[in-house]
Every structure is written in structure tokens, then in C-alpha cells.
Amino acid sequence: MKNGNAQQLPVAVLGAGPVGLAAAAHLIERGLTPLVLEAGHTIGANPATYRHVRLFSSWQYNIDKAARRLLHSHAWMAPADDALPTAGELLDHYLAPLAATPGIAASLLLGRRVMVVGAGHSAAGALLALARLAEEHPGTRIVWATRGSQLARVFGGGAADGLKARGELGMRLKALRDAGGLEMRQDFRIEQLIETGGKMRVVGEAVDGAVPAIDDIDRIVCAAGARPDLALTRELRVRHDPWLESTDALAPLIDPNEHSCGTVRSHGHRELAHPEPGYYAVGAKSYGRAPNFLMATGYEQVRSVVAALVGDMAAADDVQLELPETGVCHTRLAYDTAAEPASSCCNVPAAAAASCCVPAPSTEGACGCSKPAESSCCA
């Protein structure tokens, strides 16, 4: 993209969500022309499907810096940094005005038996919304099914979470489970759905010769993560990690077995690049199947990629990613350590637990750190 002819070509941005529009803002700021393509009928088609859901990250983490500068140049009034927007507010007060700049130019389930599948923050939000519905309409019954039995990540770090709303989300969900506000089915791996008389029988994978099943389900809310559609890249020269389906260079930096949202390592154009020149996947889709993406990460991705496209390699390589800690260790919850008040994650004092990283055994058997060496985490 350094030669004059290439500089005149538009840069295709596939997707008009938060990160796609941020990429367009960075391209405009660098003097390039974005061509934004969106498969949906409107910008932000995905968050438009859950407008009522309140995000657990505040506005300061949800607005890209280049997009903010572009909006301010058109007399945009920024929301308060510490306020928590809903997905609808994100669309109406940020994405819609951003898309309108010249350069870029569910019915309730009342009285139903609803099954939520998944063990992430999306599942947590759905369960709590259904719990509120059940308070108003006692006939509403909730079933929570998870593939595993370890729920530390979805319950989160409580007060130690760098995003207050995310920590509260986990604590409220744990309280709901402990109070018996839902039917819990752990280690349940779905094999088959059978519809009979308008209701579903959910059949699980056999365990010790017995086939588990959950009956009389009216609706299923699937919050079991996503995986990218790689069909578009079939004719391109790409290199994906075989498990996460991100780039192979990015995979170890975002591996959800090692990293929460807050411990993902800084990354930019080099980790996002494929053998196909000029092709990058950014935003949530860059993470492949990893569920620990935050919009702030995507904004730094597109800043780095756009800098690389114009040949400003110093800016492209200067990746600075500051993410809020989850406050949750890999094996223990922050609020489940009352029996061991003297220490917490990595055997450090409890007062330091909030900034502690995910423990990872070293070759000597000690607790290692999943953050870069220069970090003081677990010191």
C-alpha cells in the first residue's frame, strides 16, 4: 500500500459493527478511503438483536479514539465515560452517528420453561433477565445447562473485577444459583433435540451408560459461543490456528484456557497478518472461537492495521493495550477464598489478588504468569 497507485484504492472493511466502523474512522484519519460492506440491513446488525442488554463495560471502553475524534468534528455530544450503555444505546448514540458522518456516510417468554446453554457472560445476562421475568411471572422456569462443571470464569472476580458491572453480573448469577432460582444441569453435552407437541426433549451424551435428558423445554437460548465463517477466505492464502481459528500468531496470546478478557496480551498488525498481503481479520472475528474479546482490543487492532497500511510502521508496532482485569484466578473465585484469607492467586497476599494473573505451572512446578515478563503480576 506504499506506492501511489495503491494509495488511491479503497480499503474494504467487511462488517459495519463497532470495530468495522472504527476501522473506517482510522482509515479516513490516515487519508485512505474505506468501503464498508455489511451483510445485514443496517449498521450494527448483531447488537441490534439484543438492544435491551446492558453492557458490562462503560462508554470509555466502547468508543474508539479515532471514531471519537471524527464524531467530535461533527458536533457530537459524548456520553459520560463511566456510564454503562445498553446495546441499543451503543447503536443510537455512537454507531448510528458514526455511520452518518460524511466520511463513512423479542417477545417475552412468559410462563415458559426456558433453557439457557453456555457458561459465559452472555449466558449470565440471559439467565438474570429470565430471573427478573420469573419474579413477575412465577410460571417462568429456568434451566441452565453447561458442558463442564467449572463456573469460576462466568462467576468472575466479584469486587476485584476491573469492570464493576461484569463483577456484579457474576455475583448476581452465583447468588441466583445458590438460592435455587434455576435448575442447574452441569456436564451436559447436547446430542439431540426431539420436538413433541410443541415442546423439546433435549438429549445429552451418555454418561456411564445412562442417557441424560431434559424434558418439556419451550425455548432454548444458545449462548455457547461462536466460530468464524471462514468461507470468504477459502481462495486466500491464510494461516489459522487449528483450534481457535484465529491467526496462529494470535492464538497463544488470547487462548481462553490461559487468558481472561483482562489478561490478553497486546497485539497488532503483525499478529493479525496472513500470508495474503493486505488481508486482516479484526474485531471479534479475529479471535476465532475465543470468547474473551473486548471492543477496546478491536479498536487498538484497527489503529495498528491502518497504520501498517499507510507504511507508518513505528505507529503500527507501538501497540498499547490497557484492559480492565477480571479479578478472577484460573482455579479460584475471589469471593470463595474466605477459608484462606492469607493468600490467594499464585500464593500472593490477598490484597494483591485483584491484579494477579492467571496461574500457570512453570517447569519447576511454581506458579507462573501468563502476562509479559515486564509485568509485575504475581511478583
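Biologist: Hi! Which residues does Ala316 touch, not counting residues up to four places away in sequence?
Modeller: In this predicted model, Ala316 touches His269, Arg303, Ser304, Ala307 and Ala308, with residues up to four places away left out.

Biologist: And where does Ala316 sit?
Modeller: Ala316 belongs to helix H12, which covers residues 313–317.

Biologist: Buried or exposed, that Ala316?
Modeller: Buried: the relative accessible area of Ala316 is 0%. For another distance, the C-alpha atoms of Ala316 and Gln301 are separated by 9.2 Å, and the two are 15 residues apart along the chain.

Biologist: Let's turn to H11. How many residues does H11 have, and how far does it reach?
Modeller: H11 has 15 residues and reaches 21 Å from its first C-alpha to its last, which is close to the 21 Å expected at 1.5 Å a residue.

Biologist: Why would you call H11 largely enclosed?
Modeller: Because 15 of the 15 residues of H11 are buried, this helix is largely enclosed by the rest of the structure.

Biologist: What happens just after H11?
Modeller: Gly311 comes there, with a positive phi of about 85 degrees.

Biologist: Which residues other than glycine have a positive phi?
Modeller: Asp187 is one of them, with phi near 55 degrees, and Glu245 is another, with phi near 65 degrees.

Biologist: Where do I find Asp187 and Glu245?
Modeller: Asp187 lies in the loop between strand S5 (183–185) and strand S6 (190–196). Glu245 is in the loop between strand S9 (219–222) and helix H9 (251–254).

Biologist: What about their accessibility?
Modeller: Asp187 counts as partly exposed at 47% relative accessibility, whereas Glu245 is buried, with a relative accessible area of 15%.

Biologist: On to pockets. What volume does the second largest pocket have?
Modeller: Its volume is about 490 Å³. There are 16 residues lining the second largest pocket, and the closest to its centre are Lys65, Ala296, Glu300, Gln320 and Glu322.

Biologist: Which helices supply at least two residues of that lining?
Modeller: Helix H3 (59–62), helix H4 (65–72) and helix H11 (295–309) each do. The largest share, 4 residues, comes from H11.

Biologist: How does the lining of that pocket split by class?
Modeller: The lining of the second largest pocket has 8 charged, 5 nonpolar and 3 polar residues.

Biologist: Tell me about Glu322. Is it buried or exposed?
Modeller: Glu322 is exposed, with a relative accessible area of 69%. Glu322 is in the loop between helix H12 (313–317) and strand S10 (359–361).

Biologist: How far apart are Glu322 and Ala296?
Modeller: They are 8.3 Å apart in space, C-alpha to C-alpha, and 26 residues apart in sequence.

Biologist: Another glutamate, then: where is Glu276?
Modeller: Glu276 is in the loop between helix H10 (269–272) and H11.

Biologist: Why does Glu276 count as buried?
Modeller: Buried means under 20% relative accessible area, and Glu276 counts as buried because its relative accessibility is 19%. Leaving aside neighbours within four places in sequence, Glu276 is in contact with Leu236 and Arg237.

Biologist: Switching again: which residues does Pro97 touch?
Modeller: Not counting residues up to four places away in sequence, Pro97 touches Leu71, Trp76, Leu91 and Asp92. The C-alpha atoms of Pro97 and Trp76 are separated by 7.9 Å, with the two 21 residues apart along the chain.

Biologist: So which helix holds Pro97?
Modeller: Helix H5, residues 87–100. Pro97 is partly exposed there, with a relative accessible area of 24%.

Biologist: And what is Val36 in contact with?
Modeller: Val13, Gly15, Ala16 and Ala24, leaving aside neighbours within four places in sequence. Val36 lies in strand S2, residues 34–37, and counts as partly exposed at 27% relative accessibility.

Biologist: How far is Val36 from Gly20?
Modeller: Val36 and Gly20 are 7.6 Å apart, C-alpha to C-alpha, and 16 residues apart in sequence.

Biologist: Last one: what is the mean pLDDT of the protein?
Modeller: The mean is 76, and 76% of the residues reach 70 or more. Over residues 327–379 the pLDDT is below 50, and this stretch has 93 contacts in the model beyond near neighbours in sequence.

Definitions and conventions. Residues are numbered from 1 along each chain as its sequence is written. This is a predicted model: local features need pLDDT of at least 70, side-chain atom pairs count only at pLDDT 80 or more; totals for chains, interfaces and linings use all residues. Side-chain values use heavy atoms; hydrogens and water are left out. On a 1 Å grid over the protein atoms alone, a cavity is a set of points where a 1.4 Å probe fits but cannot get out, and a pocket is an open set with protein on both sides within 12 Å along at least five of seven lines; lining residues have an atom within 4 Å of a point. Grid points are joined across faces, edges and corners, and a volume is the space filled by probe spheres set on the points. Ala, Val, Leu, Ile, Met, Phe, Trp, Tyr, Cys and Pro count as nonpolar, Asp, Glu, Lys and Arg as charged, and the others, Gly among them, as polar. Buried means under 20% relative accessible area, exposed over 50%, partly exposed in between (1.4 Å probe, protein chains only). Contact means heavy atoms within 4.5 Å. The expected span of a helix is 1.5 Å times one less than its number of residues. pLDDT is the predictor's confidence in each residue, from 0 to 100.
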